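I sat down with this protein today and kept a few notes as I went. Here is the model they belong to.

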Amino acid sequence: MKSIILAAGRGSRMKAETDTKPKCLTMLRGTSLLDRQMKTLQKAGFAHGDMAIITGYKRHLVADRFQTEFINEIWDQSNMVHSLSMAAEWLKNDICLVTYGDLFFEAEPIKELIQIQ
């Protein structure tokens, strides 16, 4: 099983908070939402190599955290479905959990989802 994090957008509704970074790098209790999500996915059983990210806005700030990156060059003119299509080939060969880069959640519900599949 794989996981992919959609993190191409800016988060313009957050105004100045995302002038210099994508919203997935918003800090929550000392850890960015993206790093928190990666740790949670690892706790749920995903290996680092089974996690990918789709980047766009200020991609250089997040791309180095992942072995697999897909880039939505037109992040400011498209939507999440278009972003996900950047990884179409990668997604064909396995079941994939898709999450948004600005979420936080616990590992237990993800573990339960993995058992269902």
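My entries below go from the whole fold to single residues.

**Ground rules**

I am working with a predicted model, in which local features need pLDDT of at least 70 and side-chain atom pairs count only at pLDDT 80 or more, while totals for chains, interfaces and linings use all residues. I number residues from 1 along each chain as its sequence is written, and side-chain values use heavy atoms, with hydrogens and water left out.

**Overall fold**

I looked up the secondary structure and found four helices and six strands. For these I take DSSP runs, numbered from the N terminus: helices are H or I with at least four residues, and strands are E with at least two. Read along the sequence, the order is β-β-β-α-β-β-α-α-β-α. The radius of gyration is 14 Å, close to the 13 Å that the globule rule gives for 117 residues, so the protein is as compact as a globular protein of that length. That radius is taken over C-alpha atoms, and the rule is 2.2 Å times the number of residues to the power 0.38. I also noted that the C-alpha trace spans about 40 × 35 × 20 Å along its principal axes.

**Inside, outside and charge**

I asked how much is buried, and the answer is 38% of the 117 residues. Here buried means under 20% relative accessible area, exposed means over 50%, and partly exposed is in between (1.4 Å probe, protein chains only). The accessible surface comes to about 6,800 Å², and 51% of it belongs to carbon and sulfur atoms. These areas come from the Shrake-Rupley method with a 1.4 Å probe; for residues, only the protein chains shown count as cover.

I then checked contacts, meaning heavy atoms within 4.5 Å. Among those between residues at least 6 apart in sequence, 62% join residues at least 24 apart.

For charge, I have 15 positive and 14 negative side chains, with the centres of the two sets 5 Å apart. Lys and Arg count as positive and Asp and Glu as negative, leaving out His and the chain ends. Each charge is placed at NZ of Lys, CZ of Arg, CG of Asp or CD of Glu.

**Strand pairing**

I call two strands paired if DSSP finds at least two bridges between them. Strand S1 (residues 2-7) runs parallel to S6, with five bridges joining them. S1 also pairs with S4 in the parallel sense, over five bridges. Leucine 6 shows both pairings: it stands opposite tyrosine 100 in S6, and its bridge partner in S4 is isoleucine 54. From S4, four bridges lead on to strand S5 (residues 68-71), again running parallel. There, threonine 55 has isoleucine 71 in S5 as its bridge partner.

**Two strands, side by side in my notes**

In a regular strand the side chains alternate between the two faces of the sheet. Strand S6 (residues 96-100) follows this: Leu97 and Thr99 point to one face and are buried, while Cys96, Val98 and Tyr100 point to the other and are not. In S4, Met51, Ile53 and Thr55 point one way and Ala52 and Ile54 the other way, and all are buried. Five of the five residues of S4 (residues 51-55) are buried, so this strand is largely enclosed by the rest of the structure.

**Helix H1**

Which residues does leucine 33 touch? Not counting residues up to four places away in sequence, I list Lys23, Cys24, Thr26, Leu28, Gly101, Asp102, Leu103 and Phe104. Leucine 33 is in helix H1 (residues 33-43) and counts as buried at 9% relative accessibility. Threonine 40 is in H1 too, and at 10% relative accessibility it counts as buried. With the same sequence neighbours left out, threonine 40 touches Phe105, Glu106 and Ala107.

**Loops**

I found arginine 29 in the loop between strand S2 (27-28) and strand S3 (31-32). Its phi is near 50°, a positive value in a residue other than glycine, and at 78% relative accessibility arginine 29 counts as exposed. Lysine 58, in the loop between S4 and S5, has a positive phi of about 50° although it is not a glycine. Lysine 58 counts as partly exposed at 29% relative accessibility.

My last stop was glutamine 77, in the loop between S5 and helix H2 (80-85). Glutamine 77 is exposed, with a relative accessible area of 64%.
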